[in-house]
Structure formats: C-alpha cells, structure tokens
Amino acid sequence: MPADIAFAMLGVMTIGGALVAVGAGNLYRAVLGLMLCLVGMAGLFLLQRADFLAVAQVLIYVGGVAVLIVFAVILTEREGEPLAAAVNPRMVPAALILGAGLTAVLVSVLWRSTPAESPVADVTARTLAEALLNRYLVPFEAVSLLLLAALVGALLIAKEKES
Amino acid sequence: MFPGILALVPALPFLAFVVIGLVTRPWRWLSAGVAIAAISVAFLLSLGALSFLLTAGAETPRVVELTWLTTSTLNAHIGLRLDALSGIMLVVVTTVALMVQIYSLGYMSEEPSLSRYYAYLSLFCASMLGLVLATNFLQLYVCWELVGVCSYLLIGFWYDRHAPAFAAKKAFVTTRFGDLGFLIGLIMICTAAGSFDFVEIQAKVAAGTWTAGWLGTVAVLLFCGAAGKSAQVPLHVWLPDAMEGPTPVSALIHAATMVAAGVYMVARLFFLFSASPDAMQVVAVIGGVTAIFAALIALVQDDIKRVLAYSTISQLGYMMLALGVGGMAAGMFHLFTHAFFKALLFLGAGSVIHATHTNNMWEMGGLRKKMPWTFWTFVAGSLALAGVAPFAGFFSKDAILHLVMGKNLFLFALAVLGSLCTAFYMTRVICVTFLGEARAASGHAHESPWVMRVPLVILAVLSVVAGFWHAGFERLVQGGEAEAEGLNLGFAAVTQMVPLAGILAGVMLYVLKSPDPDALAVRFAPLYTLLKRRFYVDELYDWIIDRIVLRCSAGLAWFDRHVVDGAVNGVAWLTQQTGTQLRYVQTGRVQHYALAVFGGAAILLAIAHVAGAF
Amino acid sequence: MMDVRSFAVIATVVFGIGVYGALARRHAIAVIIAIELMLNAAVLNFVSFSRLAAPGSAVSGQVFAVFIITVAAAEAIVALALVLALHRALKTARLDRFNMLKW
Amino acid sequence: MGETLFLDLKDFALAVAAALLPGGLLASVSALISAGAVLVVAPVTMMFLTWVERKGVGRFQDRYGPNRVGPFGVLQPIADGIKMILKEDIIPDGSDRLLHNIMPVLAAAPVFLLFLVLPFGRGMVAADLNVGVLFFLCISSMQSPMIISAGLGARSKYSVLGSMRAVVQVLSYEIPMVIVIVAVVMTAGSMSTSEIVAAQVRDGWFVLTPWGAFGFIVFLIAATAEANRSPFDMSEAESELVAGFHTEYSGFKFALFQMAEFLSAFASAGLAATLFLGGWQGPGFLPSWAWFGAKALGVYFVLVWFRATLPRFRIDQLLALAWKFLFPLSLLVVVAAAAWYFMPLLPALVTNLVLLVGGYGLLSSWILSEFIRMNAPRAVPDAR
C-alpha cells in the first residue's frame, strides 16, 4: 500500500532526524536533523489528513524556529570552544537509561491498550478555523497575547544593554 | 425609642475618639470641642433615659440585643440594657465626664497634645458607658478591659516623665491581678450556664441550678476583679500612685469611671452575690477593712491628692460594705453621691494645684482669700464627704451605717471610726490648704478661670442637693417592691455626732494647735510612721516580688534559657544541618534538575503501569 | 500500520530521544532543540489521538496542536533570547559551565 | 482549441497504465504523472526564463543579449547548462563537506513543490489542497533555512553574511505578503488556489478592486524581495559580498541555486497571477493554460523590468521598507478587503479609497518624515 510505504519512510525520516538532532556534534547539523524530523512529522500529519497542521508545522518550525535557532548558534559560536564535545559524558548513562526507560514504559502502555478503530478524521482548514474562532476564541486570543508578550520579552532580554 | 437610641451614648464618645484620632488631631481646640459635643449629647440622652425610667418605671430591664457571633456552644450578643442601675450610672458617668471635660479646657490649656488627651477621655467614657449598658458578661468584660487600658493611657498621659509612666504600669499590673480572678470566675459561670447573658444566668441562679458553695467561689473570684478595679485592700496600691495623671483624669477615675466599674459590677451581679452568704461576708469584710484602713492612712498624707485618693479608697470600702451587707440601693446611692462630691473635691484640688503648681499641702495655706470660689466649693464637697447634714454624703453614709448596724456590730464600729477619720482628715486638708498663713507656693496664687469654676459650682450644687433624692432613688433601684426605709431621725442625730467630732478635732489640731500635731506625731511615732508608710503594703509587695517572685522567675528563666531555648535551638540546628547537607543535592545545573523531574515522572508512570492503572 | 498506535509509537520514540538530548547535551541550544522534539512528539500525539474522538470533536485535537505549536514558537523565542543573554553575561552557552542556579 | 490538451494527455497515460497495472495503484500513478509533468516542465521553464531575463535586461540596457546559440540565442541556456556541468566542483578547505554537498539539492528540491498547487489551467492543478496558498507559503519559507545552511556550509564570511541578510530579508517580507494573501483568502473564502480562481471568475479579478490593486503592488514588491531579486538582492550584492550565500559554490551546485532562484521567482509570478489576475481565465480565443502562462510571464517581465531599472537598496532601507511601509499598508489592505466584502459597491469604494489613499498617504508620509529625520546625517563628534 502506498500509504504504508509513505508511513514507513516518514517514520524513518522522523526518527532519524530526531537522532541526528540529539546526536550530531555540530550544532548546524543538529538543526538540520531537527528540520528533517519536523518535516517528517508534517508528513505524518498529512497522512492523517491534518493538512493545515502539516503546513503550519513547516511554516512555523522550519521557516521560523529552525532559522532562529541557527541565528542563535551563529551568535553564540565561539572560537576555542569545540562543539564536538556535545554531550556531557557524566550525564549520558542516566540520560540514556531515562530516555530508553521512558520510551519503553510508554510503548508498553501503548502495547497493552486495545487497538481501536482508527478512522481518519475529516478536519479541513474550514472546520479548524470555525472551531478556533467560535468555541476556542478566548484561548486563541489568549495565545496571541502570549505571543506578543513573548516577543516583547524576548526583545528585552536579548537586547544589548546600551553602555 | 428606648433603649435602642441609647446605643448613641457610648457610640458618640467613641466616634469622637475616632474622629479626633484620625481627623482633628492637629487642631487641639477643635478636638476638645468634638469630645465635649459628643459627651454633651450623651449626657442629654442619659438624662432622657433616666426621666423615662422615672415616668415609665424600672421594674423590668429593657434589653435590645444584636447577635455578635455564634458558635456551636455559645451565642455572644452585644446589646443595651436599660434599668435603674444602668440609668443612674449613665447620668453619673456622663455628668462627671462632661464636667471634667469642660474643666479640662482650663486645666490643660497649655498642654500641646490636648487632642490625644481628649481622645483618651472620649474612649474612656465610651468604654465605661458600654460597660454600664452591657447585657452580658462578654460585653462587660470587653468594656472592663477597655476601661483598664484607658486608665493606663491617661495615668501615663505624661509618659515622658518617669513617675506617671511607672504609675500607669503599676495601675495596669495591679488591676490585672484582680482581673485574673474575674476572668476565671467569668469563664466558670459562663461555661456552666452555657450563656453570657445576665438575664439567663440570673434565671438559672434563681432556679437554684448551682449550690451556694460553688456560686460563692464564682462570686469571690468575680469580686477579685471588682477589688482590683475599685482599689480594695489589698489591691488598693495603684490608686494613690495614679495621682500622677492629670488631675481632671483623677477626678474622672475616682468619681465615675474606673473605680466605679468595680462597685457597679458587684451591683449588677448582685443576684449572684446575694445567692451566697459567704461571698457577701467576704465583700462586706473587705469593704469594711478598706474603709478604715484607707481612712487611717489618709490622716497623715501631705499630698492633697493622695489624701483624696485614700479617701476614695475608703469611700469605696463603704460602698462595698453596703453591698456586702445586702444594701444594694445604699451602696449605689453612695456611689451616686460620692461621684459628685469626689469629682468636686478633685477638681477643687486641681484648681488649687493649678494655682500653686505643687501638690504638697504644707506649701500652700491661706488660699481662702485668693481663691474664694474654689474654697467654698471645696468646703461644700468636704462636708458632703464627711457626712454632715444636709449634704449629700450624709444621706448615703447614714443609710449605710444604719444598714450595717443591723447586721454586724464589728463592721459598724469600723465604719463609724472610718467616718470619724474622714471628717478629721478633710478638716485637716481645708485648714492646712485654705486657712492660716500663706506659705511658699501660695504667694502668687490666683483664682482659676471660669471654665474651671463653672463645673465646680455645678458639682457643688449637686453635692448639696443630691442627697435629698434618697427616697426616690431607693424606690427606683428597689423597683418599688420594698418600701423605702426613710430617714431614721434618731439614729441620724446620733451618728451626726461622729463627723462633727472629727471636724472639731481637726480644728483643734490644725487651727488652734492644741495639742500641736507635730508633738503628737513624735509622741506616737511608731503609729505615725506606720500610717505615713501606708502600713508598709508597698514595701511588703516589693519584698514579695524581690524575694519570691523574682527568684522563682530566675529559676524559670534559667529553665527557659537552657531547656526551652535549647530545644528550639536544637531543632533549628538540626534543620540547618540537614539543609547544609541537602544543599549539595542542589548542584545548580539545570539538567540535573531536569533529570530529577523526568526521572520522577518516569518512575511514577512505571509504578502506575505495573500496578495496572493503564 | 496506519492506526493510531503506530503514530503514537513514533511520537513516543521521538519523545524519548528528546529526553535523552535534553539531559545529556551540553550546549543550551542543543537542549532547546531536544525540547522542541519533545513538544513535537506531543503535537503528533494530539493529532493522532484526535482521530479516536467522537465525530465532530476531532477538531479539538488539532486545535490543541495549533496552540502547542504557537506556544512552542513563543517558548523557542524566549529560550533563545535567554541563551543569548546568558552568553553575553557568561561568555558561554554551555549548560555545564553554568551552575549558579543553587543555594 | 486545445483547452483540454494536457488533461487529455494525462487521461491517455492513465488509460495505458490502467491496462498494465493493478487497479489499486491507479491513484498513485495519477499523482506520479502530475508530479512528473511538473518535474519536466520546471527545468524547461527555467531555461526559458534565463533566456527571457538575459535577453530582456540586454534590451533594456540597449544591447542585444545572447544571440549566438540558436535563433535569437534561445539555445543559450542549454549551452550555459553544459558549461555548468563541465566546470570543476570546488569545495573550499574548512567548509562543512556534508552541508556543502547536500544544500544545493535541498535548496532546489522544495521549489518544485511550489508548482504542485498552481492552477496552470482549467482543472490543471497537480494537487488541489484545501490549504493550497498556505502550502505555497510554507514551501517558499523553507528556502530561508536552506539558504542559511548553504551559507554556513561554505564557512566563508561572505557566505555567512549573505545568508543572514537573505534570511532577514525573506522573513521580513514574508509578513506583508502573508497579510495581503490573507485579504485574498478572506474574500475568496478558501485557501485552495482553484477556489480562489473560481471566486475571481465569479466576482471579477481582484486586481481591479482598490484593495486588490494595492495588495497586488505589495505582493509584487514582497515577492521580488522574497526571490532575492534586484533591487532587493542584498544577499548577493556583487559589490559587497561577491555573490552572497552561493559565493563558494561552483559548477552544477551553482546551477542548482540559480535554478531554485529563477523557479521560485516564476512561481511567485504564477501565484500573483492566480491571486490577483484571475488565474487562468481569459477570453476564449486562447486556452486557459495559455492565459495563465501569459499572465505569469507578464508578471515575470515586470520583475525583469525592476531589475533592469532600479538601483539596489541599502540593507537598512530594505528592512525599513518592509516594516515601515509595506506592513502598515498590508494591514490596511485587509481592512479594506473586509469593507469591500461587506459593503455595497459605492460605500465600499469610498471606504477603500479613504483607507488606502487618504489613510495610507498620511501614515506613510509621517513615517517617511520620521525615517528621514532619524537617518539625517548627524554631526560627528571629533575623534581625538
């Protein structure tokens, strides 16, 4: 089935991107891995007919957040501090055990659950927009306020102090 | 209309207190005006209440109440109770307070913090009036303590001087001893009755709910409070020292507010006391002893205000004596008349002090010419105090003596002796202060301004005429059930000899100098010293405190410092050590914290999963 | 293979990888990247599980996903600004050089 | 005549496929055919565009332009391509080899996706997504990380500076562009490109309304900047940065970047035609796809015109243009579009004119005066 093939490819892309994102010693490559993972995620959304979300995901994450991260990397890059020492060796065992353990527990939870009928919800941009602007209007506005606050706050924090 | 509108009587002075404290403090004469206006309205209302009682009868108390707070076991109310006792007391308190406040305009005219003075006075009146109108123990107690606080504030009004501050503290602490007993008694009776209300408790007492012995215990405990407030032996020591306060305040304390509270409380709870003959006996004996004890001390004091202070203690003893032998009406009548002439005497003494700037009688003398108004009003007050007919004191004291004679001859003897002393020392005061040669301080003395004279005159008139109301008073208080006893002319004629003898003795000693008082003092030196040192009561207390209380305290302090503090410090040390060790867990690295958070979440999740939650 | 569970497994794995990265990586920006991974795993779960919701309310899951994406963007902005400020103050963006968050 | 030419071709191919393959794969095959068509058409278009560009600029500059290879030099792009492929591929020392190698591909690949949602003619849209316009935006926004990664992959100062400028520019101009598109989407009531064209069939071209005219201008300027084309080609300003982010790329890698640039510019032109110029519709003497091609090429010609005519902006002026002039105008366009949608014709016209001409005239003149005041030369304190 083409959909299954697409799912497998996207899954590999997502997980592989995630592995690159946390594994790459070079931060630029890590960002690329993140982008790969996010695009794979968008594909997984698309497979579930969440068109709008897929597109928004790419627009916001790949077009926005990833670029911001790259900018931050450029601005914080320093000579003589090799990015290669990317992981803290003393944290690695604990982090590995915790990450693997958490994944194992959650997968085990999923395994025990009974598989349910999984219809593909028919959510179009129109229905999503109607939900956002009717039922979820107040949270929607609150989120816009939050964005504004975050924007102003980030500007204030990051601004160079004038000497 | 009555008694609801009477809420204004305590409320107005209280409001004056608030207004003065918050608004008019910078303008001292305005503050005085506010206070006087408030008390004037309260005075008029009180007069209205009394006349209402006289026309409508006072057999049953009129009560309005609001629920203050409700618990599962107790309901506390706040209310107003208008009956003969409270009606009369309202008039007494507001009259004296009004006179004192007007008088203070002159006496305190140079005081910079006049606003504070009038604020305290207003609060003092408000709390006393609230006490008078109380319907239940709780309200009574609250007002009772407020009265104590106000007296503390006013005695220590000149708090920047050592003596007033010390006297204020002494007054507060001493009355506190009595209040402890009062509080215990109050808790006992109220928990036993399940109510604070006088009416309910009275009903239960009348129904014979409790044994006489238990009631006696309660009554004696309650009487402790009264003894403290009304300066009965052995808790009288604060009152003479309280003379350090401004003289008008002394007048107020002695005549209407502070000391009257004790007597009033006993009268108000008379139903309780009269249920226990033993308690009545205690009251009577304490009263009688106080009466003669204080009168004896008063004989030899040099300070004009101290003489008056001891005379107050003595007169309060008479009131208690009357109450103790069952003469509620007689006791209250004495309170009534005493309020007027004692206020008069204090204001007169204040006038003298104002003119001479000294308290010592031996520095005055010959003031009769220079201060005629003060002299004549003072004489009127003294005659009333001595119990010379037909002044007010005669009627009230005579009633008490008559009553006591019928009950207990020993106490009667004490009372008669006290009466003799009273006449003597008042004669002494007048002779030394106003007659004879002018001495050091009276050279530049002059009559006081009219704002001080007017209250003197009004009170003098009241001191003369108040006694004639004794029959009506008795009817009002007794509620018409017992026919007024009336004046026993024969008995009065006999007892009248006593004050006259006292006056005669005084005149002989201090005008004619035969025998010479100084020679007498030398001759009876031990007795004189004993009296001069006020029976060594203060010294005894000092000794007790130094030797017993402070030593026990030292032991307890050691315990507190080493055992209690040690335990507390030990706990603190333990906490600190634990924290010192634990803070190494706080590495300051955000990823370690995140590890802890995620780890905790993972473990919880795993436990829930294994337990089968999902 | 297209049922909700397989999507959820992918989300879980990505989340686990994110946890590892957030804990083990040294550079603050790498940690932010890992946090973004975790947030996205959550978004994927919202989208997937919304399919199991009653017809008509499936949209709620996607609405939540929209909110998460928005908030994640805001979070990323603030976090990066903080990293910049940190870098300016301490001349490093390595979290293991930064241990003032104590006592 | 030929209206359904391409659709018929596809149907024929599908019929052949249906005969040869099991039925379940038919949908996939259909998608593959459409995608394949896009993949074939795009490079051809790109070649044509380079020729148009060079020829056009040449004529504007009063020279002939390419005229040696083929008639009027039409085969020049093929010659260029051969040259590019044959050139040496230089990977500078110290560059990130991985990034250097994959970034050109990753930068070029998404551009093809842009063509998926453009309706080339009646019924000729490869993927009629209900979020079509948003899809277009999302793909074009993917350019910025690609550009910056390409610049960083080269690890050259010129590349890094060029890529950062490019990204700042793209992000800044994306905002007025998106807001203007919101106005169109609001009016059409859909984000699907074919629906938007259908709405213009119903209501007339949007460019003919006041808000649409202003919106079209904003869109055109923003699209020019998005495509990093002159006068907004800061990122590859030869005089300052050699060639911006693709300085260190040569040979076919350079060709891929060039292709991405030309194609995205053309896709933007196509989107402009779709959103404002009525898409494929036009008088029936030409087939719908021809109308679309003509309109898109017309818009593209305007872009060439810009390039040939206008001098380059300074970077701060460029950003100021986006934030201080286009951004307020785009917001006004949205309000005006709403007024147009809800009001009868005459009041709507008045409102639009008041808002856009009066309101924006005042606003922009105020902003301009402030801008000039702020940028006025200041007395430089004596340097000791």
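The legends below describe close-up views of a predicted model.

**View 1. The helices of chain C.** Chain C contains 3 helices and 0 strands, and its elements, when read along the sequence, follow the pattern α-α-α. Of the 103 residues that make up chain C, 61% count as buried. Among the contacts in chain C with a separation of 6 or more, 49% are made by residues that lie 24 or more positions apart in the sequence.

**View 2. The contact between chain B and chain C.** Chain B contributes 10 residues to this contact, and chain C contributes 10 residues. On the side of chain B that touches chain C, the residues divide by class into 4 nonpolar, 4 polar and 2 charged.

**View 3. The span and burial of helix α7 of chain D.** Helix α7 of chain D runs over residues 157-188, and because each residue should add 1.5 Å, its 32 residues are expected to span 46 Å, which agrees with the 45 Å that separates its end C-alpha atoms. The helix α7(D) is mostly covered, in that 23 of its 32 residues are buried.

**View 4. The bend in α7(D) and the residue that follows the helix.** At E174(D), the helix α7(D) bends by about 25 degrees, and a proline, P176(D), follows within four residues of that position. After the helix α7(D) comes G189(D), a residue whose phi is positive, with a value near 75 degrees.

Methods
Residues numbered from 1 in each chain as written. Chains lettered and ligands numbered in written order. Predicted model: local features only at pLDDT ≥ 70, side-chain atom pairs only at ≥ 80, totals over all residues. Helix = DSSP H or I, 4+ residues; strand = E, 2+ residues; numbered from the N terminus. Buried ≥ 20, exposed ≤ 12 C-beta atoms within 10 Å, placed from the backbone. Contact = placed C-beta atoms within 7 Å. Nonpolar A, V, L, I, M, F, W, Y, C, P; charged D, E, K, R; others polar. Expected span 1.5 Å × (residues − 1). Bend = angle between axes of the 7 residues up to and from the residue.
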